[in-house]
Amino acid sequence: MNGEGTPPATHRKAVGACDTIALAFTRMLRFCADTFFAKRYGNRAIVLETVAAVPGMVGGTLTHLKCLRRMCDDNGWIATLIDEAENERMHLMTFIALAKPTWLERMVVLTVQWAFYCFFFLLYLVSPRTAHRVVGYFEEEAVISYTLYLEEIDAGRVENVPAPEIARRYWNLPIDATLRDVVLIIRADEAHHRDTNHCFADSLAGIEVDPSTISAALPHEAGTPQASWASISITG
């Protein structure tokens, strides 16, 4: 995947009750987002990234505690999930700098964040496979949303403003980077998280996973590359 190319419109077919529940939950949230935000993609991104920043931290924390209890190796899962949480948090900070939410919108964000954290924490305790599948489906929808966002920018309906400083620092972007550049790289991040979480869910379901099918991570943190996902052992 390159920065300009469109990530493949990959949809993981639901197999079994866990996947069906995860997909139905995701589509319900997508309907709510479409109804409430319509084409206000900047505001939609703030709420989206508020939710998206939760799963990696929950999964990383619970996996860390599980490995401590069992005195076993995590096979690269903890660092992967924590990195995902940090990456999603930077997406949120970028869009806050761009959209500048009001105090009321910030209160909505905090409420959504806490509600989703409690829900996802319990879900991960009960069924980590379903939790990762939910994230995989969330990220499928995120790729679609950011693709539509790009279409609005390219059509001139959304102003292609300069990229905020926080985004330029994090992704090591040039000084003349724009909103379009930021949305492209965030969309690629989401495709990366999509493929990885679907593979985690497959692994927990006992399905053999080919790490080469996971999309490559883009560099971030002032040009420091993320870990190569193909080198991580994806095992339960």
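Helices here are DSSP runs of H or I with at least four residues, strands are E runs of at least two, and both are numbered from the N terminus. With that in hand, let's start clicking. The model on your screen is predicted, so local features need a pLDDT of at least 70 and side-chain atom pairs count only at pLDDT 80 or more, while totals for chains, interfaces and linings use all residues. Residues are numbered from 1 along each chain as its sequence is written, and side-chain values use heavy atoms, with hydrogens and water left out.

**Stop 1: the whole chain**

Show the protein chain as a cartoon. You should find seven helices and zero strands, which reads along the sequence as α-α-α-α-α-α-α. Now colour by pLDDT, the predictor's confidence in each residue, from 0 to 100. The chain's mean is 80, and 74% of its residues reach 70 or more. Among the elements, helix 1 (residues 16-37) has the lowest mean pLDDT, at 64, and helix 6 (residues 165-171) has the highest, at 94. Next, select residues 222-236, where the pLDDT is below 50. Beyond near neighbours in sequence, that stretch still has 37 contacts in the model, a contact being heavy atoms within 4.5 Å.

Switch on the surface. The chain exposes about 11,600 Å², and carbon and sulfur atoms supply 64% of that; accessible areas come from the Shrake-Rupley method with a 1.4 Å probe, and for residues only the protein chains shown count as cover. Of the 236 residues, 47% count as buried. Buried means under 20% relative accessible area, exposed means over 50%, and partly exposed is in between (1.4 Å probe, protein chains only). Also, of the contacts with a separation of 6 or more, 74% are between residues 24 or more positions apart.

**Stop 2: helix 3 against helix 5**

Hide the surface and pick helix 3 (residues 77-99) together with helix 5 (residues 128-154). How do their axes cross? They come within 15 Å and cross at roughly 35°. The axes are lines fitted to C-alpha atoms, for helices over the stretch in contact, with angles from 0 to 180 degrees between N-to-C directions. Helix 3 passes helix 5 in a left-handed crossing: the near helix is turned anticlockwise from the far one by less than a right angle, whereas clockwise would make a crossing right-handed. Show side chains for Trp77, Leu81, Glu84, Glu88 and Phe95 of helix 3, then His132, Val135, Glu139, Tyr146 and Tyr149 of helix 5, and you have the residues that make the contact.

**Stop 3: Asn197 and Val47**

Go to Asn197 in helix 7 (residues 179-204). Is Asn197 buried or exposed? Its relative accessibility is 1%, so Asn197 counts as buried. Leaving out residues up to four places away in sequence, Asn197 touches Glu84, His132, Val135 and Gly136. You have already met Glu84, His132 and Val135 in the contact between helix 3 and helix 5.

Now select Val47, in helix 2 (residues 41-70). Val47 is buried too, with a relative accessible area of 18%. Draw a distance from Val47 to Phe95: they are 48 residues apart in sequence and 9.8 Å apart in space, C-alpha to C-alpha.

**Stop 4: the cysteines**

How many disulfides does a search of the whole structure find? Zero, where a disulfide is a pair of cysteine sulfur atoms within 2.5 Å. Take Cys72: the nearest cysteine sulfur, that of Cys67, is 4.1 Å away. Cys72 counts as partly exposed, at 36% relative accessibility.

Then jump to Cys118 in helix 4 (residues 103-126), which is partly exposed at 45%. Cys118 and Val54 are 64 residues apart in sequence, with 9.8 Å between their C-alpha atoms.

**Stop 5: the loops**

Select Asn75 in the loop between helix 2 and helix 3. Asn75 isn't a glycine, yet its phi is positive, about 55°. Asn75 is partly exposed, with a relative accessible area of 23%. Asn172, in the loop between helix 6 and helix 7, also has a positive phi, near 55°, and is a residue other than glycine.

Last click: Glu159, in the loop between helix 5 and helix 6. At 63% relative accessibility, Glu159 counts as exposed. Arg180 is 21 residues from Glu159 along the chain, and their C-alpha atoms are separated by 9.3 Å.
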